[in-house]
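User: Please take a close look at a single helix in this structure and at the strands around that helix. A formal, connected account would be appreciated.

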Amino acid sequence: HFRISGPSSVFEHQKAKMGIDLDHHHRRNSNRKAPKSENVYIKLLVKLYRFLARRTGSDFNRVILKRLCMSRINRPPMSLTRLAKFMTNKADKIAVVVGTITDDIRLLSVPKLTVVALRVTDGARARIIKAGGEVLTFDQLAIQRPTGANTVLLRGPKNAREAVRHFGAPGVPGSHAKPYVRSKGRKFERGAGRR
């Protein structure tokens, strides 16, 4: 029989070196495991894409699942103009946006697009369909492209919100942060000597 005895064994040596990893003791993963939304359709999509992410092993499905759980600020809307720009020379591919697609009246002609989004505004939907395009839902996408092949995954501009302009300290040299001021007149938040 093979028997290890004495403190000089490999196991005893490892035991002596072990300690408590205090740095990670109370750390928790802050990424969302489920959506905050009470919307049953979003919950069903999460259930569907959780299955697909696990069973297909596709990164595309993993990313869709992650984005479905995001807050609305992290799912910014995307305009038709931006969509058309990103889809030039990609007529055979499907544009996928985990968020809203909005109309843009500055875009004069809409190309033929096949899009998938959580929501498409009425104006944008009408223009896409009129141009011979197609608007699909995520459950239809799961049937047509279970691994996300031949798709273009897009997202809107996150920092386009007006609130982002106020981030930082206004009035500091080199800062372009927008102050929360009622008006930009002589009487409102002017420096001494400028009033």
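Analyst: The following account concerns helix H5 and its surroundings. The model is a predicted one.

The strands provide the setting. Strand E2 (residues 94–102) and strand E3 (residues 114–120) run parallel and are joined by five bridges; one of the residues involved is Ile101, whose bridge partner in E3 is Val120. E3 also pairs with strand E4 (residues 134–136), again in the parallel sense, over three bridges. Here Thr114 has Glu134 in E4 as its bridge partner. Between E3 and E4 the chain passes through helix H5 (residues 122–130), and the resulting β-α-β crossover is right-handed.

Within H5, the residues Ala124, Arg127 and Ile128 are buried. Viewed down the axis of H5, the buried residues fall within an arc of 100°, and therefore they line one face of the helix. As for what this face meets, the buried residues of H5 pack against E2, E3 and E4, and also against helix H4 (80–86). H5 thus has contacts with E3 and E4, among others, and these are the strands that the crossover through H5 links. On the other side of the helix, Asp122 and Lys130 are exposed.

The chain just after H5 has a backbone feature of its own: Gly132 adopts a positive phi of about 90°.

Key
Residues are numbered from 1 along each chain as its sequence is written. This is a predicted model: local features need pLDDT of at least 70, side-chain atom pairs count only at pLDDT 80 or more; totals for chains, interfaces and linings use all residues. Side-chain values use heavy atoms; hydrogens and water are left out. Two strands pair if DSSP finds at least two bridges between them. Helices (H or I, at least four residues) and strands (E, at least two) are DSSP runs, numbered from the N terminus. A crossover is right-handed if, with the strands pointing away from the viewer, the path from the first strand over the helix to the second runs clockwise. Buried means under 20% relative accessible area, exposed over 50%, partly exposed in between (1.4 Å probe, protein chains only). The arc is that of the directions from the helix axis to the C-beta atoms. Contact means heavy atoms within 4.5 Å.
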